[in-house]
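Here are my notes on this structure, set out as numbered points. Please keep the model open beside them as you read.

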Amino acid sequence: MGGFQHGFGKGLGRVQPMAVQADVKLDTLGYFCPMPIILTSKKIKELALGQVLEVVSDDEGIKKDMPAWCETTGHQMVGLEEEQAKSGRIYKAFVKKTK
């Protein structure tokens, strides 16, 4: 199945197929709260301003945790994709470094 992305900004709450281009990918598969956020916090420090980090997770909590973390830290959540894999659901959060 293809991935669908929850739009952020205009059309918030609409689910639509989109393609967010990430500069760096962070694999947090197998890690559960709070580890995906902790690993994201460390990894985003390595990015340049404006770069997008793709965080891949199988923890459903990332759907709420990542937007909350972005709001707290000032980074921009630019997308969230969900895919059905053989091993279960996979979530891809896209975060733009803004500071």
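1. In this predicted model, helix α2 has twelve residues, which at 1.5 Å a residue should span 16 Å, and its end C-alpha atoms lie 15 Å apart, so the two values agree.

2. Which residues of α2 are buried? They are Ile62, Met66, Trp69, Cys70 and Thr73, and because they cover an arc of only 100° around the axis, they sit on the same side of α2. On the other side of this helix, Lys64, Glu71 and Thr72 are exposed.

3. The buried residues of α2 pack against α1, β4, β5 (76-85) and β6. Just after the helix comes Gly74, which takes a positive phi of about 90°.

4. Helix α1, which runs over residues 35-44, can be read in a similar manner: Pro36, Ile37, Thr40 and Ile44 are buried there. Seen down the axis of α1, these buried residues fall within an arc of 95°, so they line one face of the helix. Their cover includes β3 (24-27), β4 (52-57), α2 (62-73) and β6 (88-96).

5. Please look also at Ile38, which lies in helix α1 but is not among the buried residues, because its relative accessible area of 35% makes it partly exposed, where buried means under 20%. Together with Tyr31 and Met35, Ile38 makes a nonpolar surface patch of about 240 Å².

Note on methods. Residues are numbered from 1 along each chain as its sequence is written. This is a predicted model: local features need pLDDT of at least 70, side-chain atom pairs count only at pLDDT 80 or more; totals for chains, interfaces and linings use all residues. Side-chain values use heavy atoms; hydrogens and water are left out. Buried means under 20% relative accessible area, exposed over 50%, partly exposed in between (1.4 Å probe, protein chains only). Helices (H or I, at least four residues) and strands (E, at least two) are DSSP runs, numbered from the N terminus. The arc is that of the directions from the helix axis to the C-beta atoms. Contact means heavy atoms within 4.5 Å. The expected span of a helix is 1.5 Å times one less than its number of residues. Patches are made of residues with over 30% relative accessible area and no salt bridge: like charges are joined within 9 Å, nonpolar side chains (Val, Leu, Ile, Met, Phe, Trp, Tyr) within 5 Å. Accessible areas come from the Shrake-Rupley method with a 1.4 Å probe; for residues, only the protein chains shown count as cover. A salt bridge is a side-chain nitrogen of Lys or Arg within 4 Å of a carboxyl oxygen of Asp or Glu.
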